[in-house]
Amino acid sequence: MFRLAPARLRSSLQPVQRSSAAFSSSSTPTPSVDAIPANNPAPKAPAPNVSATNAVPTSSEGSFDQVLVESVEKGEALRTAQAPNRQGIWSRSQQPRERAMVGPRFEQTIMEDQPRPYAAIDLIHKQPVRWVKERTVSCDGGGGPLGHPRIFINVDKPQICMCTYCGLPFAHEHHKEHLKAQPSSPYPLEPTGQEGEVEFSQRITNEPLGQR
C-alpha cells in the first residue's frame, strides 16, 4: 500500500524555483558606438590608425614591382576616404571606412594597394542623356551577363527619366530645348568625352557573353 511521505520529505522533493533575476540581463545599459563622450577638459588627440613603420621602404614583392612605402598622412587620407571620387558615405546602410578600417589589422597595411572602387553614385551622373523619339523606351542594361531585366520607361514628361536598375538617363527629343534651358541638370545633356561614358547604343544579342 502506498504511503505518503512525511511533510518534511515532501517539501524537499519540491522543484526548486530559481529566481528569474539570475537569468535576466544586466540592468546596466550598454554604451552605444555613437555615444556622446563626456566633457573632458583635456581630451586625447586622435591618433592615426596607420603605423609609422609604413614609411620605411621594404620589399617590392607583390606591389607591382614598387617599393612598399607610404607616409602616415597619405595612408590616413586613403583610409578615411570612402571612395577615390567621394569622401563620405552615400547611403545610411554604409559603414564609414574610417570606422571600419581600424585596429591592428590595418596598422601596417599599405592603403594604396587595397581595393578602392569608385563610387557608382557619382559615375552614373557622368552618363549623357539618351534622347529618344518614342514615348516609351526600354532598357536592359545592354543585355548579356552584365545587363538587367528589361523595363519600360515613360518619357512623356519634360524631365530626365532614369532607369531604376542601372540609372541610365533617358528623355524625349521634344523636351530637349526645355531641358537645355534649365539652370542645371543632374546628367550631361550631350556626350562630354569623359572616361567611363557608356556608348549610346544598346542591343540585345544572342552571343554567349554579349553585352555593351
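What follows is a chat between a student and a tutor about how the labels on this predicted model are earned.

Student: Let's start with the overall layout. What makes up the fold of the protein chain, and in which pattern?

Tutor: There are five helices and five strands, and along the sequence they follow α-α-α-α-β-β-β-β-β-α. Of the 212 residues, 27% count as buried. Among contacts with a separation of 6 or more, 53% are between residues 24 or more positions apart.

Student: Why is Leu78 called buried?

Tutor: Buried means under 20% relative accessible area. Leu78 has 16%, so the label applies. Leu78 sits in helix 2, residues 72-80.

Student: What does Leu78 touch beyond its neighbours within four places in sequence?

Tutor: Its contacts there are Glu70, Arg97, Met111, Glu112 and Arg116. Take Arg116: the two residues are 38 apart in sequence, with 8.9 Å from C-alpha to C-alpha.

Student: Helix 2 also holds Arg79 and Glu76. What makes that pair a salt bridge?

Tutor: The cut-off is a side-chain nitrogen of Lys or Arg within 4 Å of a carboxyl oxygen of Asp or Glu. Arg79 and Glu76 come in at 2.6 Å, N to O, so they qualify. They are three residues apart, about one turn of the helix.

Student: Are those two buried or exposed, and how do you know?

Tutor: Buried, in both cases. Arg79 is at 5% relative accessibility and Glu76 at 17%, and the label follows because the limit is under 20%.

Student: How many salt bridges does the whole structure have, and which one links distant parts of the chain?

Tutor: A search of the whole structure gives six. Asp122 and Arg86 meet at 2.9 Å, N to O, therefore inside the 4 Å limit. This pair links distant parts of the chain: Asp122 belongs to helix 4 (residues 120-123), while Arg86 is in the loop between helix 2 and helix 3, 36 residues away in sequence.

Student: Why are Asp122 and Arg86 called partly exposed?

Tutor: Exposed needs over 50% and buried needs under 20%, with partly exposed in between. Asp122 is at 24% and Arg86 at 27%, so both land in the middle class.

Student: What about Glu190 and Lys180? What makes that one count as a salt bridge?

Tutor: The N to O distance is 3.7 Å, and the limit is within 4 Å, so the pair passes. Glu190 lies in the segment after helix 5 and Lys180 in helix 5 (176-180), so the bridge ties together parts 10 residues apart in sequence. Salt bridges with shared partners also join Lys176, Lys180 and Glu190 into one network.

Student: On to the strands. How do you know that strand 1 and strand 5 pair?

Tutor: Pairing takes at least two bridges. Strand 1 (residues 130-132) and strand 5 have three, so they pair, and they run parallel. Within those, Val132 has His172 as its bridge partner, and Arg130 has Phe170.

Student: And what makes strand 4 a partner of strand 5?

Tutor: Two bridges join them, which meets the minimum of two, so that counts too; this pair is antiparallel. Cys161 stands opposite Phe170. The two strands form a hairpin with six residues between them, and Gly167 in the turn has a positive phi of about 85 degrees.

Student: Why are strand 1 and strand 4 called edge strands?

Tutor: The open sheet has the order 1-5-4, with mixed pairing. Strand 1 and strand 4 each pair on one side only, and that is what an edge strand refers to here.

Student: How do you know that both faces of strand 5 are covered?

Tutor: In a regular strand the side chains alternate between the two faces of the sheet. On one side of strand 5 are Pro169 and Ala171, on the other Phe170 and His172, and all of them are buried.

Student: Last one: which residues are in the largest nonpolar core?

Tutor: There are 11, among them Ile153, Val137, Cys139, Cys161 and Phe170. Strand 2 (136-139) and strand 3 (151-154) are the elements that each give two or more residues. Leaving aside its neighbours within four places in sequence, Ile153 has contacts including Val137, Cys139, Cys161, Cys163 and Phe170. A second, separate core of seven residues includes Val129, Ile160, Ala171 and Leu179.

Terms used:
Residues are numbered from 1 along each chain as its sequence is written. This is a predicted model: local features need pLDDT of at least 70, side-chain atom pairs count only at pLDDT 80 or more; totals for chains, interfaces and linings use all residues. Side-chain values use heavy atoms; hydrogens and water are left out. Helices (H or I, at least four residues) and strands (E, at least two) are DSSP runs, numbered from the N terminus. Buried means under 20% relative accessible area, exposed over 50%, partly exposed in between (1.4 Å probe, protein chains only). Contact means heavy atoms within 4.5 Å. A nonpolar core is a set of buried Ala, Val, Leu, Ile, Met, Phe, Trp, Tyr and Cys residues joined through side-chain atoms within 4.5 Å.
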